[in-house]
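Work through these exercises with the sequence and the 3D view side by side. Try each task before you read its solution.

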Amino acid sequence: MAAFKTLDQVDVAGRRVLVRLDLNVPMKDGRVTDATRIERAAPTVRELAGKGAKVIVASHYGRPKGRRDPEMSLSPLVDPLSAAVGRKVAFAADCVGPDAEAVVDGLADGGVALLENLRFHAGEEANDPEFADALAALCDLYVDDAFSASHRAHASIDGVARRRPAYAGRLMQAELEALSRALESPARPVAAVVGGAKVSTKLELLGNLVEKVDILAIGGGMANTFLHAQGVEIGRSLAERDLADTARAILAKAESRGCEILLALDAVVADTLAAGVATAVVGVDAVPADRMILDVGPATVAAMAERLAACRTLVWNGPLGAFETAPFDAGTTALARAAAELTDQGRLLTVAGGGDTVAALAHAGVLERFSYVSTAGGAFLEWLEGKELPGVAVLRA
C-alpha cells in the first residue's frame, strides 16, 4: 500500500477541517442503541479539536436515496457524539448551503459541528461535482476516518479529497497500517481463514488470496462446494454444485502458486440446522446421504491450529460452520481461540474483518485478543479481493 498522508503531517490550528466519519449506527425510536462506531471515531475528533481546529463532522445514515427523511436524520447523534468527544457538538440542519455555512461560521477554534445526513442529497452518492464543491467550500482541510465507506467513490469520500488537502484520520490510519502488515508486507508464512455460505460471493477474494498467502483454510458452506468438486459425497449439505469447475480451477491455481489449501478432515453432521438437534462427528469421506455438514470437526480444528502455529500472519474472514446455532459454533470458536493464544504469545499477527467474522470472534470471546479486527464490512472484503479503494487512493502521499 502506497504511503498515505496522516494528521502528523499537518497543522490544523484555526483551520476548518471536514472529517468524514461512518456514523451509520443502530437506532431505535430516535435513540442510538449501540454507540461503538461513534466511540471508535471519537479520538480523531478529540485530537483535531484539542489542536484548535474547527471540526466539521460529516456522515451518511441509511439509504434515503437523495430525499430528506426525518427518520434518517443525524440529529439523535448529537448527544452521543458530544459525550464521546467530551465537548458540546453543534448541529447543522443541512450538510451544504446556508444552514451548514452558518453553523460552520459560528465555530470557535476547538469547536465541533455535525452536519445533517449527506445522503439527503442525491449528489453525494453520484459524486456530483457541484455537491463536492459545496462540501469543499465548508473546509480548508479534509480528513477521512471512514475506511468502512472507502470503497465508495462518493462526493464526501472522493470528491472533497480531490478539492482540499486530504489526510487519513487515526482510525483510517490504524486500519490501513494493519491491512498493509497483513497482506502487502507480511511476515511469512501467511495464512488465511475464509468461511461463509457460498463460493459465488467470494470468488474474487479466493482468487486474490491464493496469490498472496501460503496457506488457505476454507470453511463454512463454501467448503462443501470444494469437497464436492473433489468427488467427496456431502449428503444434503449446502453447496453450489454447479460451481464445481470453478472450485477445481481455484484449487489448480493455488497449487500452481504454492498455496496450500486446507479443507475439512472431519465434520459435524445433523439432519437439520436447529439448536439441540442430534449430531455426529464423521470423517469427511463418510457423510451420510441424509445428513448435512454444519461445522468442522475436532480433527480439522486441530490440523488447522497446527498449521497456524507455524505461521506469522493470519487474515480471517468468515466462520467455519453455522456458528449462530449451537453446537455448530464449536469449530469456529476453537480455532479462533487457538489463533488468539498465538497472538497473545506474540507469535502471530491476526487481522480479521467482515460482519459475520466480528460476530463470531465476539461469540468466541477473542475480539480484543486479535491484533486488529475491522468492522468495515464491504470495504474490508474489497481490499481482500485486491481492489483499489477510491477513498484510500485519494489519500496517497
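**Exercise 1. Find what L179 touches, then place it in the fold.**

Step 1. Set aside residues up to four places away in sequence; L179 then touches F147, E184, V351, F380 and W383. Contact means heavy atoms within 4.5 Å.

Step 2. L179 is found in helix α7, residues 170-184. Helices (H or I, at least four residues) and strands (E, at least two) are DSSP runs, numbered from the N terminus.

Step 3. L179 has 0% relative accessibility, so it counts as buried. Buried means under 20% relative accessible area, exposed over 50%, and partly exposed in between (1.4 Å probe, protein chains only).

Step 4. Now look along the chain: L179 and L384 are 205 residues apart in sequence, yet their C-alpha atoms are 9.1 Å apart in space.

A note on the source: this is a predicted model, in which local features need pLDDT of at least 70 and side-chain atom pairs count only at pLDDT 80 or more, while totals for chains, interfaces and linings use all residues. Residues are numbered from 1 along each chain as its sequence is written, and side-chain values use heavy atoms, with hydrogens and water left out.

**Exercise 2. Describe the surroundings of F131 and T333.**

Step 1. Locate F131 in helix α5, residues 129-136. Its relative accessible area is 7%, so F131 is buried.

Step 2. List the contacts of F131, leaving aside neighbours within four places in sequence: C95, V96, L118, H121, G123, E124 and A155.

Step 3. Check a pair that is 28 residues apart along the chain: the C-alpha atoms of F131 and G159 are separated by 8.6 Å.

Step 4. Turn to T333 in helix α12, residues 330-344. T333 is buried too, with a relative accessible area of 9%. Beyond its neighbours within four places in sequence, T333 is in contact with H363 and A364.

**Exercise 3. Which strands are joined to β1, and how do they run?**

Step 1. Find β1 at residues 16-20. Four of its five residues are buried, so β1 is largely enclosed by the rest of the structure.

Step 2. Take β4, residues 54-58: five bridges join it to β1, and the two run parallel. Two strands pair if DSSP finds at least two bridges between them. V19 stands opposite V57 in β4.

Step 3. Take β7, residues 141-144: four bridges join it to β1, again parallel. Here V17 has L141 as its bridge partner.

Step 4. Follow the side chains. In a regular strand they alternate between the two faces of the sheet.

**Exercise 4. Show how helix α9 is covered.**

Step 1. Count: α9 spans residues 220-229, and nine of its 10 residues are buried.

Step 2. Name them: G220, G221, M222, A223, N224, T225, F226, L227 and A229.

Step 3. Find the partners. The buried residues of α9 pack against β9 (190-194), α8 (203-212), β10 (215-218), α10 (244-257) and β14 (292-296).

Step 4. Look just past the helix: G231 follows α9 and has a positive phi, near 90°.

**Exercise 5. Pick out the unusual backbone spots.**

Step 1. Look for cis peptide bonds. The bond from R188 to P189 is cis, with omega near 5°. P189 sits in the loop between α7 and β9.

Step 2. The bond from A326 to P327 is also cis, with omega near 5°. P327 is in the loop between β15 (313-317) and α12.

Step 3. Look for positive phi outside glycine. D29 has phi near 55° and lies in the loop between β2 (27-28) and β3 (31-32). D29 is exposed, at 72% relative accessible area.

Step 4. K65 has a positive phi of about 60°. K65 lies in the loop between β4 and α2 (78-85). Its relative accessibility is 61%, so K65 counts as exposed.

**Exercise 6. Sum up the whole chain.**

Step 1. The protein chain has 15 helices and 17 strands. Its radius of gyration is 23 Å, close to the 21 Å of the globule rule for 397 residues, so the chain is as compact as a globular protein of that length. The radius is taken over C-alpha atoms; the rule is 2.2 Å times the number of residues to the power 0.38.

Step 2. The C-alpha trace spans about 70 × 45 × 40 Å along its principal axes.

Step 3. Buried residues make up 56% of the 397 residues.
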